[in-house]
Amino acid sequence: MNTRMTRRARLLGGAAIGAVAMLAFANTASAQSAQDEPVEIEEVVVTGIRSAIESSIATKRNETSIVEVVTAEDIGKLPDVSIAESLGRLPGLTTQRLDGRSQVISIRGLGPDFTTALLNGREQVSTGDNRGVEFDQYPSELLGSVVVYKTPDAALIGQGLAGTADLRVIRPLEYGRQTLALNLRYELNDMGALNAGSTDHGVRYSVSYIDQFADDTVGIVLGYAHIESPYQSERFNAWGYPEVTGGGPRVIGGAKPYVMSSELERDGYIGVLELRPNQHLHMTFDAFYSTFDNSQILRGIELPLFWSSATLQPGYTVEDGMVTSGTYTGVKGVVRNDVNTRESTMMSLGWNTEVYVSENVTLSADVNYSNVDRTDQILETYAGTGRGPLGATDTIQFRTGDDITRFTPALDYGDFNLIRLTSPQGWGGDVIPGGQDGYLNSPSVSDELAGIRMALDANVDWGPVSNIEVGFYRSQREKELVNDQWFLAVPGGASAVVPLEFRLEPTSLEYLGIPRMISYDALGLVQSGFYNMVRNPNADVRAGNWFVEEKVFTPFVKLSLDTDLFGIPLTGNFGIQATHTEQHSDGFAARQLGTGISESIAVSGGDEYWELLPSANLIFEIGDQRFLRVSAARTMARPRMDQMRASRTFSYNAALDDPSNPLPNFPVYDPSNPPFTGGGGNPELRPWLANVFDLSFEQYFGRSAYVSLAVFYKDLETYVYDRTTQVDFTGYPPTGAVYRIGNYTRPENGEGGEIYGAEFTVSTPFDFISPWLEGFGGQFSISQTESSIQPDPGNPATPIPGLSETVANLTLYYEKDGFQARVSNRYRSEFLGEVAGFGNGRTLRQVGAENIVDAQIGYQFESGPLEGLSFLAQVNNATDEPFYTYEAGDERRVIDHQSYGRTFLFGINYRY
C-alpha cells in the first residue's frame with residue numbers, strides 16, 4: 001500500500017515541531033530565570049479541559065508501562081460523545097466508523113482482533129461474534145478515565161498483542177469528596193429523518209452521585225446514563241465492476257443503495273461500594289449493567305444490471321477504461337424495505353479485596369463475572385413489478401462519477417399499484433417456488449466469563465529490586481452462537497399489494513436521482529403473520545451454529561526496580577506470565593444432499609497449550625522530568641472465537657470414490673481431487689504471537705505539557721491464514737465412502753512478519769509563547785507505521801486489516817474564565833477494514849482515507865448562585881466526511897459510499 005500524508009498533515013507536523021522548539025526554549029529560559037531570582041509559586045487549580053489534560057499527563061508520567069490516557073473533564077464528561085471517539089485522538093490509535101459511529105479501535109496499525117478491553121482491570125465479554133469489544137455498550141458518562149497500555153507488564157491480565165484498553169470507573173475514597181453531577185443533552189442530525197417512521201433528534205441524560213461515610217471508611221458511586229441517539233445515512237453499494245468485453249472497459253454490474261435511519265437506545269447503570277474499615281483491609285465491589293437496543297430502517301432499490309438479464313445498450317461513454325454513463329434496458333429492480341435490530345444486555349460484576357498483612361506485604365483477591373445476551377433481526381423484504389420474469393422492466397440511464405453512480409429510471413417506484421410484494425429476481429427459488437419474498441436472519445449470541453486473580457505483593461530490599469508481585473489468574477469463558485434463518489413467502493405465490501394499514505409515506509432517493517419508492521412497515525408486516533416463514537434447511541445455516549469454551553490459567557511474577565545505573569536513576573519492572581489454555585468447541589458438520597435437503601453430524605475439537613510471556617519495562621530518568629523508556633515483551637492475541645468453531649460444511653462426490661467403477665479421467669484416487677472437501681473453523685487454532693520492542697523519549701514541562709517521540713517494532717512469530725490442508729473425514733456420511741482423506745479449508749497458524757513505526761506527540765498550553773495566549777493550548781500527534789505481514793499469501797499486496805500507514809490528530813482548545821472551546825481533527829490514511837457483507841457476514845474491503853472534524857464550545861459558572869452550572873454545544877463530523885470503500889486499488893470503483901451528515905448536541909450540566 002502506497003499512502004502519502006496529506007498537505008494538512010505536513011503543515012500540522014511543521015507547526016508542532018515549531019511549538020516543541022519554542023517550548024524547549026521557554027523551559028530553558030524559565031529555569032534560568034528561576035536560578036537568577038527566586039519567586040513565590042502560587043498554586044492554581046484548573047478544571048475542565050486543562051484539568052483532564054493534566055490528569056492524563058500525570059498518569060502517563062507515573063505509569064511504568066508506555067501508556068496513553070483519556071480523562072474525564074468532569075464527572076460524567078469525557079471529551080467526546082463516545083469512548084471510541086476519545087480513544088481515537090490518542091497517539092497511535094485510530095477508530096473505524098460503523099454506520100457513522102466510532103465503535104472499534106486499532107492500535108499501532110493492528111486491528112480490533114489484536115486489542116483487548118478491560119473494565120477496572122478485568123476481562124470483559126463482547127456483544128459481537130468475536131472478542132473485540134464494541135465500545136458503544138459502555139456509557140462514556142459513567143467513566144472516569146481510560147488507560148491504553150501499549151506495552152504490558154507481567155501482572156497485566158488479559159493483555160493484547162497490540163495493546164490493552166482499561167476502562168476505569170471512579171473510586172469514591174480516592175476521589176475524596178461528595179459530588180452530584182447531572183448532565184442533559186439534546187441531539188440533532190442535519191440530514192433530517194430520511195425514512196418514514198424515524199426521527200432525527202434524540203436525548204442523552206445521566207446522573208452520578210459520589211459520597212463517603214463513616215469517617216471516609218465507606219464510599220459509594222451510583223450512576224445512571226440514558227441515550228436515545230438517532231443517526232442517518234445515505235448509502236451507496238455497488239456489486240462490482242465487470243469488464244464489458246474481455247479486456248474492455250469496466251462498468252457497474254449492479255447496485256444496492258439505501259437511505260438508513262437508525263436509533264440507538266441504551267440504559268447504563270453503575271455502582272461502586274468501597275470499604276476501608278481499618279488499616280489492614282480494603283474491599284471494593286463494583287457492578288455494571290447495560291441494556292442496548294439499536295434499530296435501523298433501510299429503504300432502497302437493488303438494481304441488478306450487467307450481472308443480470310439487463311442489457312447495456314451501445315453508445316455508452318468510456319473515460320480511462322471506465323464506463324461513466326450509459327443506458328441499461330430490461331432492468332428488474334428489487335425494491336427493499338429492510339429492518340435491522342439488535343437487542344443486548346450486559347452485566348459485569350467485580351469484587352476486590354486487599355489485606356495489608358504488614359507495612360510491606362499485601363494479599364489481594366479479585367473475583368469477576370460478566371455475561372452478555374444478544375439477539376439480532378436482519379430482515380429483508382422485497383417488492384417489484386412482478387414475480388420472476390413477469391411484470392414490467394425498466395430502462396435506466398446511469399452516470400458514474402467520483403463518488404457514486406446515479407440513475408434516471410423510467411418507472412415510478414413509488415406507485416403501490418405497480419410495485420407489489422413479490423420476488424422480482426426469483427432468489428431462493430430452490431426452496432420457495434417462484435422465489436423468496438424476503439429473508440429473516442436472527443442470530444443470537446451468549447457470552448459468559450468468570451475469573452479469579454490472587455496475588456501477593458511485597459516490598460523488598462533485594463538490591464535493585466524494590467518490590468515483588470506473584471500470583472495467578474484463572475478464568476473460564478463460554479461463547480455460543482445460534483443461527484436461525486427463515487425464508488419469507490407471500491401465501492400462494494402471489495404478487496400482493498401492500499396492505500393499507502402498513503403503508504407509509506414514500507421515501508425519497510433523490511441523492512441517487514430516483515424521486516421516490518414505496519415505503520411500508522416491514523417488521524409489522526412480518527409480525528402480523530402476513531408472510532409464511534420457512535426455516536432455511538440448507539447446510540451452511542446448520543453449520544453456522546457453534547459453541548466455544550476456554551479455560552485459562554496464568555501464573556505470573558513481576559519484580560519492580562528502583563536503583564541507579566551508572567548514576568542514572570532507573571525504575572521499572574520485569575517478569576513473566578506462563579499461560580496455559582484449554583480450548584474446546586462443539587458444532588455441526590453439514591452437507592447439502594439436494595434442493596432444500598441437508599444432513600449434519602455433531603462434531604467437536606480442541607487443544608491445550610502453554611505460552612511463556614516475558615516482559616520488561618525500564619525507565620531511565622536522564623534529566624529533569626526527562627525519561628527514556630525501554631520495553632521488550634512477548635505478547636499474545638487469542639484467535640477469533642468464530643474462527644475457533646468446530647462447525648463446518650462438507651461435500652462428497654461419489655464419482656471420485658468408487659474403485660470398482662473408476663472414471664476415465666480419474667482411474668485411481670487422486671489426492672488433489674478427493675471425494676471429500678469442506679471448509680469451516682479450526683478448534684485447534686493457536687494465538688497470534690509477537691516479540692515487541694519499544695523505545696520512548698518523554699520530556700515533561702511541569703504538569704501541563706510534554707513532548708514524546710517513540711519507536712516500536714513487532715515481530716509476529718505467527719499469523720492466522722486460511723489454508724487448504726488434508727484432513728481425515730472418518731465418521732462423516734456416507735457410511736460406504738472408501739477414501740476418507742479430503743481437502744479442508746480452515747484458518748491456520750502460518751508465518752508472521754514485521755510491523756514497525758514511529759510516533760510523535762506534543763501537548764502544551766500556549767501561554768509560554770505570549771501572555772496574550774493564556775488559556776489557549778493544543779495537542780498534536782502523528783504516527784507512521786509500516787508492515788511486511790502478508791495476511792493473504794495468494795495476494796501479497798493485501799495489507800493487514802486495520803493498518804493505516806499514517807494517523808494524525810490535532811486538538812486546539814481555549815479555556816479561561818469559564819469559557820471553553822475545542823476543535824479536533826482526526827486523520828487516518830487508507831486501510832483494510834472489516835464491514836458487513838453478504839448475509840451480514842464478515843467482509844474485508846479497502847477503506848478510503850478520512851479527516852473527521854469535531855468542535856465544542858461551552859461556558860461554566862465558576863461562582864455565584866449558578867456555580868456548578870455549565871452549558872455546552874458540540875458538532876460531530878463537522879465537514880460531513882463520508883466513509884467509502886473501493887476495489888482493486890482503484891478509487892473510481894467505489895463499493896460502499898456512506899454519508900452520515902453532521903450531529904449537533906446542545907447540553908446543560910450541573911455539578912454540586
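## A greasy patch on the surface

Val 355, Val 357, Leu 363, Leu 456 and Val 470 make up a nonpolar patch on the surface, adding up to about 350 Å² of accessible area. Patch residues have over 30% relative accessible area and no salt bridge, with nonpolar side chains joined within 5 Å; a salt bridge puts a side-chain nitrogen of Lys or Arg within 4 Å of a carboxyl oxygen of Asp or Glu. Areas are Shrake-Rupley values with a 1.4 Å probe. Val 357 sits in the loop between β17 (334-356) and β18 (361-384). Strands are DSSP E runs of at least two residues, numbered from the N terminus.

This is a predicted model, with local features needing pLDDT of at least 70 and side-chain atom pairs pLDDT 80 or more, while totals for chains, interfaces and linings use all residues. Numbering runs from 1 along each chain as its sequence is written, and side-chain values use heavy atoms, leaving out hydrogens and water.

## Strand β8 and its partners

β8 (residues 179-189) has two faces: Thr 179, Ala 181, Asn 183, Arg 185, Glu 187 and Asn 189 are on the covered one, and Leu 180, Leu 182, Leu 184, Tyr 186 and Leu 188 are on the uncovered one.

β8 runs antiparallel to β9 (residues 201-213), joined by 10 bridges, and Leu 188 faces His 201 there. β8 is also antiparallel to β47 (residues 903-911), with 9 bridges; Asn 183 pairs with Asn 909. Pairing takes at least two DSSP bridges.

## Inside the cores

The largest nonpolar core holds 51 residues, with Phe 236, Ile 252, Phe 407 and Leu 421 having the most contacts inside it. Core members are buried Ala, Val, Leu, Ile, Met, Phe, Trp, Tyr and Cys residues joined through side-chain atoms within 4.5 Å, buried meaning under 20% relative accessible area. A second, separate core has 49 residues, including Ile 105 and Tyr 175.

Terms used: Buried means under 20% relative accessible area, exposed over 50%, partly exposed in between (1.4 Å probe, protein chains only). Helices (H or I, at least four residues) and strands (E, at least two) are DSSP runs, numbered from the N terminus. Patches are made of residues with over 30% relative accessible area and no salt bridge: like charges are joined within 9 Å, nonpolar side chains (Val, Leu, Ile, Met, Phe, Trp, Tyr) within 5 Å.
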